[in-house]
Amino acid sequence: MRDALIAGIPAQVSRLGFTAELGYEIQVPRERALELWDAVFEAGADLRIRAFGAIALLTCRTEAGMIMGELEYDHTVTPFECRMGWALDFDKGPFQGRDALLAMKDSVTGRVVSVVVDAAPEAAEGARLELDGRDIGYVTMALPSPVLGGATLGLARVHRDAVKSGTALTAVAADGSKADATVRPTPVYDPERARVRA
């Protein structure tokens with residue numbers, strides 16, 4: 001929503017779900033940001049709202065299976081490989097890249113999946129993933145997952161041979177150490193996405 005007023009401050013409000021919860025992003029002029037911050041915390045005092053930092057946000061996004069640019073996708077990845085194929089409407093009519101995307105739709109070689117790695121997050125993040133000794137992808141980000149009782153959860157870009165939930169993999173860290181890894185259904189938090197639609 002453009003041209004909104006929040007606590008008397010001109011703002012643009014967007015509904016977002018990067019944490020798998022119903023969320024809103026409020027953009028205001030930089031010079032009024034602290035004023036907005038104070039107003040939001042004053043209005044939410046009875047709800048016991050709290051601020052959280054980047055690690056909490058990244059943990060939520062990993063548990064929710066939310067993709068992030070330059071990690072799970074970049075200019076080399078099609079929407080089908082990063083679970084964004086749902087955003088394409090081929091019946092809508094012509095658009096730039098439509099024919100190329102249609103041609104690639106059934107020949108996708110990779111996918112973004114959730115993996116649990118039996119290693120510390122520092123060792124799991126960036127680790128190569130192997131299936132029967134064959135290099136099939138890598139972990140893009142790994143963090144301890146509160147939903148999984150502190151187990152190391154990561155998102156990974158993998159070959160289509162390794163996308164099935166339950167697939168056993170080997171994670172090979174930068175130092176050469178190895179750990180077991182298992183593909184899990186994505187997302188691990190709120191798999192039906194019910195909270196965002198609530």
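Contact, as used in these exercises, means heavy atoms within 4.5 Å. The structure is a predicted model.

**Exercise 1. The packing of α2**

Determine which residues of α2 are buried and which elements they pack against.

*Solution.* Step 1: a residue counts as buried when its relative accessible area is under 20%. Step 2: in α2 (54-64), the residues that are buried are Leu 58, Thr 59, Arg 61, Thr 62, Glu 63 and Ala 64. Step 3: these buried residues pack against β6 and β7. Step 4: Gly 65 follows α2, and its phi is positive, near 70°.

**Exercise 2. The overall layout of the chain**

State how many helices and strands the protein chain has, and describe their order and the general properties of the chain.

*Solution.* Step 1: there are 5 helices and 9 strands in the protein chain. Step 2: their order along the sequence is β-β-β-α-α-α-β-α-β-β-β-β-β-α. Step 3: the C-alpha trace spans about 60 × 45 × 30 Å along its principal axes. Step 4: the protein chain has 198 residues, of which 36% count as buried. Step 5: among contacts with a separation of 6 or more, 54% are between residues 24 or more positions apart. Step 6: the accessible surface is about 12,200 Å², and carbon and sulfur atoms make up 54% of that area. Step 7: the chain carries 22 positive and 28 negative charges, whose mean positions are 4 Å apart.

**Exercise 3. The surroundings of strand β7**

Establish why β7 is described as largely enclosed, and identify the strands that pair with β7.

*Solution.* Step 1: strand β7 covers residues 152-159, and because 7 of its 8 residues are buried, the strand is largely enclosed by the rest of the structure. Step 2: strand β4 (residues 110-117) is joined to β7 by 8 bridges, and the two run antiparallel. Within this pairing, His 159 of β7 stands opposite Gly 110. Step 3: strand β6 (residues 134-144) is also antiparallel to β7, with 7 bridges between them. Here Val 139 has Ala 156 of β7 as its bridge partner.

**Exercise 4. The largest nonpolar core**

Identify the residues that touch the most other members of the largest nonpolar core, then trace the contacts of Val 117.

*Solution.* Step 1: the core holds 18 residues, and those touching the most other members are Val 115, Val 117, Leu 129, Ile 136, Val 158 and Leu 169. Step 2: two or more residues come from each of β4, β5 (128-131), β6, β7, β8 (168-172) and β9 (178-184). Step 3: beyond its neighbours within four places in sequence, Val 117 is in contact with Ala 124, Val 139, Thr 152, Ala 171, Ala 179, Asp 180 and Ala 181. Step 4: as background, nonpolar side chains in soluble globular proteins tend to be buried together.

**Exercise 5. Two buried loop residues**

Locate Ala 20 and Thr 78, and list the contacts of each residue outside its neighbours within four places in sequence.

*Solution.* Step 1: Ala 20 is in the loop between β2 (9-16) and β3 (23-27). With 1% relative accessibility, Ala 20 counts as buried. Step 2: outside those neighbours, Ala 20 is in contact with Ala 64, Met 66, Tyr 189, Asp 190, Arg 193, Arg 195 and Val 196. Step 3: Ala 20 and Arg 193 are 173 residues apart along the chain, yet 7.0 Å separates their C-alpha atoms. Step 4: Thr 78 belongs to the loop between α2 and α3 (98-104). The relative accessible area of Thr 78 is 10%, so this residue is buried. Step 5: outside the sequence neighbours within four places, Thr 78 is in contact with Met 104 and Val 108.

**Exercise 6. Backbone features**

Give the location of Asp 3, Asp 132 and Pro 187, and describe the backbone feature of each.

*Solution.* Step 1: Asp 3 is in the segment before β1 (4-6). This residue, which is not a glycine, has a positive phi near 60°, and with a relative accessibility of 77% Asp 3 counts as exposed. Step 2: Asp 132 is in the loop between β5 and β6. Its phi is also positive, near 55°, in a residue other than glycine, and a relative accessible area of 79% makes Asp 132 exposed. Step 3: Pro 187 is in the loop between β9 and α5 (194-197). The peptide bond from Thr 186 to Pro 187 is cis, with omega near 0°.

Technical notes: Residues are numbered from 1 along each chain as its sequence is written. This is a predicted model: local features need pLDDT of at least 70, side-chain atom pairs count only at pLDDT 80 or more; totals for chains, interfaces and linings use all residues. Side-chain values use heavy atoms; hydrogens and water are left out. Buried means under 20% relative accessible area, exposed over 50%, partly exposed in between (1.4 Å probe, protein chains only). Two strands pair if DSSP finds at least two bridges between them. A nonpolar core is a set of buried Ala, Val, Leu, Ile, Met, Phe, Trp, Tyr and Cys residues joined through side-chain atoms within 4.5 Å. Accessible areas come from the Shrake-Rupley method with a 1.4 Å probe; for residues, only the protein chains shown count as cover. Lys and Arg count as positive and Asp and Glu as negative; His and the chain ends are not counted. The place of a charge is taken as NZ of Lys, CZ of Arg, CG of Asp or CD of Glu.
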